[in-house]
2 protein chains.
Amino acid sequence: MTKITQVNGKEITGVGQEIQKNYEAFKGKGLKLDLTRGKPSAAQLDLSAELLALPGSGDFVAEGGVDCRNYGGLQGLTEARRLFSGIMGAPPEQVVVANNSSLALMHDTIVYALLAGTCDGARRWFTQGATQAASQGPAQGSHEGGIAFLCPVPGYDRHFTICKEYGIRMIPVAMKEDGPDIDAVERLAAQDDAIKGMWCVPKYSNPTGTVYSDAVVERLAAMKTAAPDFRLYWDNAYCVHHLTDERVEIANVLELSAKHGHPHRPLVFASTSKITLPGAGLAMFAASKENVKWLLARLTARTIGPDKVNQLRHVRFLKNEAGILQLMDKHRALIAPKFQKVLDIFGQKLARVPNVSWTRPKGGYFISLDVPKGCAQRVIALAKEAGVELTPAGAAYPYGKDPDDRTIRIAPTFPGLAEVAQAAEGVAACVLVAAAEKAGKV
Amino acid sequence: MTKITQVNGKEITGVGQEIQKNYEAFKGKGLKLDLTRGKPSAAQLDLSAELLALPGSGDFVAEGGVDCRNYGGLQGLTEARRLFSGIMGAPPEQVVVANNSSLALMHDTIVYALLAGTCDGARRWFTQGATQAASQGPAQGSHEGGIAFLCPVPGYDRHFTICKEYGIRMIPVAMKEDGPDIDAVERLAAQDDAIKGMWCVPKYSNPTGTVYSDAVVERLAAMKTAAPDFRLYWDNAYCVHHLTDERVEIANVLELSAKHGHPHRPLVFASTSKITLPGAGLAMFAASKENVKWLLARLTARTIGPDKVNQLRHVRFLKNEAGILQLMDKHRALIAPKFQKVLDIFGQKLARVPNVSWTRPKGGYFISLDVPKGCAQRVIALAKEAGVELTPAGAAYPYGKDPDDRTIRIAPTFPGLAEVAQAAEGVAACVLVAAAEKAGKV
């Protein structure tokens, strides 16, 4: 393919026409493809088919004689906490196993910090906060200032939605090769005690696939923060979600934080949403003993306990950490070819287009595609016209605003391989059109 | 039995000795019985054994082609909302089906009102509130005043725990034969705009078994409230939990509130905790369209959706409202004899003891026993000594303080019939000792 910027004056029209023709041909196929969300495919869900008939009508007694059918057991079943202890990086006593959504756990721990304070803070977060729900229009009798979170960008839109819902100011920090710009993080966290937390997806980050280096994890654990109860919201959503032979490991943030005198800093989250069933999985929380005690004290006001039958169901199905890893290998066999297909097509079609680049993740659920500045919205609009739904431009940024309008999140897991290929071809065609338009070539 | 107050001077010692002897004999049995919580027995849970193997490994597609295994479906499955529409008293569009705890739904709707405001209020509740978690010690930078809830007493301890957690002032209102003292409720709600809500267990109330009369429901629906966004927290926990042939019905609070121009006033809650499995059931919410829209907008920030597989599991098992009622008949067959046993024993042992009375509920999970003023704590301590665990004195009152120290909540469902009989005998023996002590007879 001719490199767009190298096209000389005479060839412009021809190249533009070719690009346009490609796109129109793609549009003509009348496809209906969805690359918006990091959802497992039906084939992946089939891997957990057994779960739908478990634990079986006679199996309901857990360790210690616990009748899983009845009330109670706020922290989760002993065997469930043991099952996830390794991937959470904490002993079972410091693990809480809850209902189906780790996002809900993150949301709730923020709400509790806002309304009840943390285990080591002098004041609840709200008292500093201009907390204000999006639904309520202008600020109402709010406090000056308000708390803030550091947000590595691009990041996970639903993290940002929680901040938006509660009026928590979002401060973007650039994502680098080895994690968030740690110099900037250290500087910001040290200077402003309104900065109470930071969103982190430390392994195979959403959407860039970034893996935090050991050095970055240790600096996050060790850094001075102006807020004594600063929290790392450590969303280890992709802890065992490998796409290559290399099972990437990251440093243990709980151990490092304790070593550096900040044991309560990390709140670690994970779930089985992309291990077993997204709609019917388990969420996990791990933290210092004091944080666990704090969370359980808050949860006491909310519920009598989680769905223990679903925990037993998962224990029976997954059995142990080796069982989890075996299952994840099967996921990988299904989804790695889809990632490869996208990478291959982008390589063929977009390799020489200036200012276009994309990630080659070793795990997780996304490829992050960077297009020329100011082109992301246009690419997404073109794709939509051609029947390919992409995540809205800016979704990976606080307030939905990508300052450069250049990042597009590609989620290749849900459609079949052939559809992924079609969609990637289509996205490439759209990128070429938008880039050519931008360069004034069409 | 000789009536204690009728004992003449000469007989005092003898009667006291007899009562004391009875109690010591009971204590000598070395029992270990628990009448504290309204938990179904194992035999009741066995009624839902089938649920533990459902939906089965090939069954996961719900109406509209929804794959229950995957993400999404914030409001709950269509068929699940239809299944519970009748008992919620609202069309399926106005029903939300959520995870396993209606208490969690009540908690969360309060949290959302505190932090985000209601669908029809000018300000979020928190801005008026001296909201302060119990964990945080003295008020911290709080506002004047704070919001308040009306609390019919005796009531459900976990409702009061939510208020305590968030510093919501609790204003007790006496429970009468036909519901809360409605004159007092009308007067209080009309005069103070800090009063934002009221706890109601309208049918077979916890712990008194009270059924709100149609007149009381209508006055609650129609009354003027100083707060424009006053909410009835309508915890219809025992909606189908009958103990007699009479399936008691109550007035439809959603319809009556709409009729009287306050459509957003009631938030209706229920769950399958005491229909199927407490640890692994479903919680339901019903309200005006605007309230449902409001709740879903809040939930969007919290989760991608509920456990739809568990909803499908329940739909397959319960099938329809008739299926629910049939199952409840089986529960009744198991628990009504336990209630009758307690009533029989109390009748035999306590009928003529002055200032002792108890409820004869037509449904629900509790018998409320009133002992002579100042005796409840003593009875509970005596019972504990004899191996019978009762709900702590005062639990049914805001702040755990029964001003008369006279109400004891009896939960007869969990133990076997023989144990219930033993426990009731023991409680009666303790009441006699405490009453005799109070009357100066021992």
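Against which elements do the buried residues of helix 10 of chain A pack? They pack against strand 2 (61–62), strand 3 (66–67), helix 3 (78–88), strand 4 (95–98) and helix 11 of chain A. Helices (H or I, at least four residues) and strands (E, at least two) are DSSP runs, numbered from the N terminus. This is a predicted model, in which local features need pLDDT of at least 70 and side-chain atom pairs count only at pLDDT 80 or more, while totals for chains, interfaces and linings use all residues. Residues are numbered from 1 along each chain as its sequence is written, and chains are lettered from A and ligands numbered from 1 in the order in which they are written.

Helix 10 of chain A is mostly covered, with 10 of its 11 residues buried. A residue is buried if 20 or more other C-beta atoms lie within 10 Å of its own, exposed if 12 or fewer, and partly exposed in between, with C-beta atoms placed from the backbone. The buried set consists of A:Lys308, A:Val309, A:Asn310, A:Gln311, A:Leu312, A:Arg313, A:His314, A:Val315, A:Phe317 and A:Leu318. After helix 10 of chain A comes A:Lys319, which has a positive phi near 70°.

Helix 10 of chain A also takes part in the interface between the chains. There, 57 residues of chain A are in contact with 57 residues of chain B; two residues are in contact if their C-beta atoms, placed from the backbone, lie within 7 Å. On the chain A side, at least two residues each come from helix 2 (42–46), helix 4 (102–116), helix 5 and helix 10 (308–318). Helix 4 of chain A gives the largest share of that side, seven residues. Sorted by class, the chain A side has 26 nonpolar, 19 polar and 12 charged residues. Here Ala, Val, Leu, Ile, Met, Phe, Trp, Tyr, Cys and Pro count as nonpolar, Asp, Glu, Lys and Arg as charged, and the others, Gly among them, as polar.

Within chain A there is a further division, into domain 1 (4–44 + 325–438) and domain 2 (59–324). The domain bounds come from an automatic or database domain assignment. The centres of domain 1 and domain 2 of chain A, taken over C-alpha atoms, are 31 Å apart. Their contact takes 24 residues from domain 1 of chain A and 31 residues from domain 2 of chain A. On the domain 1 side, the elements that give two or more residues are helix 11 (321–350) and strand 15 (407–410) of chain A. Helix 11 of chain A supplies the largest share of this side, seven residues. The domain 1 side divides into 14 nonpolar, six polar and four charged residues.

A helix pair in chain A comes next. Two packed helices are described by the angle between their axes and the distance between the axes. For helix 12 (residues 376–385) and helix 13 (residues 417–438) of chain A, the axes come within 9 Å and cross at roughly 130°. Axes are lines fitted to C-alpha atoms, for helices over the stretch in contact, and angles run from 0 to 180 degrees between N-to-C directions. Helix 12 and helix 13 of chain A are therefore oblique to each other, since angles under 35 degrees count as roughly parallel, over 145 as roughly antiparallel, 65 to 115 as roughly perpendicular and the rest as oblique. Helix 12 of chain A contributes A:Arg378, A:Val379, A:Leu382 and A:Ala383 to the contact, and helix 13 of chain A contributes residues including A:Gly426, A:Val427 and A:Cys430. By class, this contact has eight nonpolar, one polar and two charged residues.

Some backbone features remain. Most residues other than glycine have a negative phi, and most peptide bonds are trans. The bond from A:Val153 to A:Pro154 is cis, with omega near -5°, and A:Pro154 sits in the loop between strand 5 (148–153) and helix 5 (157–165) of chain A. In chain B, the bond from B:Val153 to B:Pro154 is cis, with omega near -5°. B:Tyr204, which is not a glycine, has a positive phi of about 50°. This residue lies in the loop between strand 8 (195–200) and helix 7 (214–222) of chain B, and B:Tyr204 is buried, with 27 other C-beta atoms within 10 Å.
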